[in-house]
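Q: Please give a close account of strand pairing in this structure. I should then like to see that part set in its wider surroundings.

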Amino acid sequence: MLQPVDVGRRRTAGYEAPVGAAALEELGRLAAPLRDARVLHLNATPYGGGVAELLRSLVPLLCDLGLRAEWRIISGGPAFFEVTKRIHNALQGAALTLSASERETYLAQSAHNARLFDGDYDVVVVHDPQPAALLQLHGKGSAHWIWRCHIDTSEPNAAVWEFLRPFLTDYDAAVFTMPEFVPPAFPIARLAIVPPAIDPLSPKNLPLADALVHDLLSWIGIDPDYPLVTQVSRFDPWKDQPGVIAAYRIARQEVPRLQLALVGSMALDDPEGWEVYRQIREAAADDPLIHVFTNLTGVGNVEVNAFQRLSRVVIQKSIREGFGLTVSEALWKGTPVVAGRAGGIPLQMPEGTGGYLVASVEECAERLAGLLRAPEQARELGQRGREHVRQHFLLPRLLADELRLIAALAGAHPLAAQPWETTAAGQRCPECGMPVAAAPHTLTAVLRGVTYAFCSPDCRDGFLRGAARRP
Ligand code: UDP
């Protein structure tokens, strides 16, 4: 049996205050035909990183909406997670190859996990590359399988992508955060573009009184009377903590006693964490105003919440990023963000909203110092960011997108009801105008809630890339 993660019970009713009654009614409507649908979410770690953060909130709410949702994790030792982290890095574009023995490690552990897979499901959602091979090694059964990719796979390392690609061909659908992330020659016919979201009621995001924020952070060594800037991220080379330290040191020349907190988590499936942590400790060793914290030394969700609230500016200086939940988390608290122009971050910070996108240490330092000098402008940017997050990146929207996809796959809202399919015989590809194959051979993509049908994978991918450039 694959290990289940216990998520307890949660109520969707609590979300009325942040998103309004109409959004909750919509959830009820979407979930009604899916009552008792058996949905499994499968990933590699129960803590640390964005996927665990999402599932912790999503799964109990699917249950509250009447589905029988479960969260399980695959098993693996250090050697397996070394390999899967290399696959992750390669899919984000790192120049590396997998040796024959690394491929064998991935396959052997995936086969072991496939043997542990039991239970009957209507829908299985597999997150990221770590468990991706399970479908082929286990077989589909009667379930619909979805591959949910959270990382930036727009320019994957060719050799590693060719290794992974055959394991994806049998999936019924794939979900990406942005159209640009769909890799070349992608083998799954049905695509949906769905950005993640944050849970406004989780301990990480719920309102905290100022006095509590001060007490929590004073206790761990932050001086609440002096300005603070923070980056919250896994200790991972793509998150560029050395660049954050460099930018902070430049900005500090203008802002005396400015403090920097680097809050980082270790994840079960991320063996690079300790090495990056060691490098950061070394870089910060002689600097009493740089504080380094981890989830293993008591900085949990509530403390992260407090850091994102007390900070005058939150930094997210990623070089590559899938989405970057930390950006929406900070903006939801009205805190402005200076962030790398990477992956899904610009979705969260359109021009003039939330803060500034940067492409270098110098730009990061300049924007940081600018916001610290102009607290009123910083406050306005943060407030606009909060409103943007309310409209686009709160959990009920993600739940609704997921329910729509499950319904489409499970046939509860047959795709035949979509306008393009009722006229499939005369339907034309929106990219090139050629006639579109009728179901079940139709290639589709769901973008901003609209389903499109295409004549070929090339047209579908071209259309999505074009759509990404259009406002
Ligand atoms: N996180 C945390 N403690 C830490 C570092 C990160 O709780 O010390 C959380 C962070 O608040 C966010 C998630 O881990 O919810 C990271 O998600 P994100 O999408 O930013 O990045 P990922 O780790 O998935 O690349």
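A: In this predicted model, strand E4 (residues 123-127) and strand E5 (residues 144-148) run parallel and are joined by 5 bridges. Within this pair, Val-125 has Ile-146 of E5 as its bridge partner. In general, the strands of a sheet pair through backbone hydrogen bonds, and such pairing may be parallel or antiparallel.

A second parallel pair is formed by strand E2 (residues 38-43) and strand E3 (residues 68-73), with 6 bridges between them. Here Val-39 is matched with Ala-69, its bridge partner in E3. E2 is mostly covered, 5 of its 6 residues being buried.

Both pairs belong to an open sheet of 9 strands, in the order E1-E3-E2-E4-E5-E6-E7-E14-E15 and with mixed pairing. The sheet is bounded by strand E1 (3-4) and strand E15 (450-454), each of which pairs on one side only. Leading towards E14 (443-447) is a loop from helix H17 (419-422), and this loop contains Val-436. Val-436 counts as buried because 25 C-beta neighbours lie inside 10 Å, the threshold being 20 or more. The C-alpha atom of Val-436 is separated by 5.7 Å from that of Phe-454, although the two residues are 18 apart along the chain.

Residues of these strands also appear in the largest nonpolar core. The core has 139 residues, and those touching the most other members are Val-39, Val-123, Val-126, Ile-146, Ala-174, Val-338 and Leu-368. Helix H16 (residues 395-410) supplies the largest share of this core, 9 residues. In soluble globular proteins, nonpolar side chains tend to be buried together. Val-338 illustrates how such a member is surrounded: beyond its neighbours within four places in sequence, its contacts include Val-313, Ile-315, Val-358, Leu-368 and Leu-371, as well as Arg-367.

The wider chain is divided into domain 1 (3-193), domain 2 (210-392) and domain 3 (425-471). Between domain 2 and domain 3, the C-alpha centres lie 39 Å apart. Domain 1 and domain 2 each contribute at least three residues to the shell around the ligand.

That shell comprises 5 nonpolar, 10 polar and 4 charged residues. Of the 19 residues around the ligand, the nearest are Gly-49, Gly-50, Glu-53, Ser-265 and Leu-325. Helix H3 (50-64), strand E9 (259-264), helix H11 (301-310) and H12 each provide at least two members of the shell, and the largest share, 3 residues, comes from H12.

Helix H12 (residues 325-332) is largely enclosed by the rest of the structure, because 8 of its 8 residues are buried. Leu-325, Glu-329 and Trp-332 are among these buried residues. After H12 comes Gly-334, with a positive phi near 80°.

H11 is likewise mostly covered, with 8 of its 10 residues buried. Its buried residues include the charged Glu-303 and Arg-309, together with Val-304, Phe-307 and Leu-310. The buried residues of H11 pack against H12, E9, helix H8 (210-219), strand E8 (228-232) and strand E11 (313-316).

Terms used: Residues are numbered from 1 along each chain as its sequence is written. This is a predicted model: local features need pLDDT of at least 70, side-chain atom pairs count only at pLDDT 80 or more; totals for chains, interfaces and linings use all residues. A residue is buried if 20 or more other C-beta atoms lie within 10 Å of its own, exposed if 12 or fewer, and partly exposed in between; C-beta atoms are placed from the backbone. Helices (H or I, at least four residues) and strands (E, at least two) are DSSP runs, numbered from the N terminus. A residue is near a molecule or strand if its C-beta atom, placed from the backbone, lies within 6 Å of it. Domain bounds come from an automatic or database domain assignment. A nonpolar core is a set of buried Ala, Val, Leu, Ile, Met, Phe, Trp, Tyr and Cys residues joined through C-beta atoms within 7 Å. Two residues are in contact if their C-beta atoms, placed from the backbone, lie within 7 Å. Two strands pair if DSSP finds at least two bridges between them.
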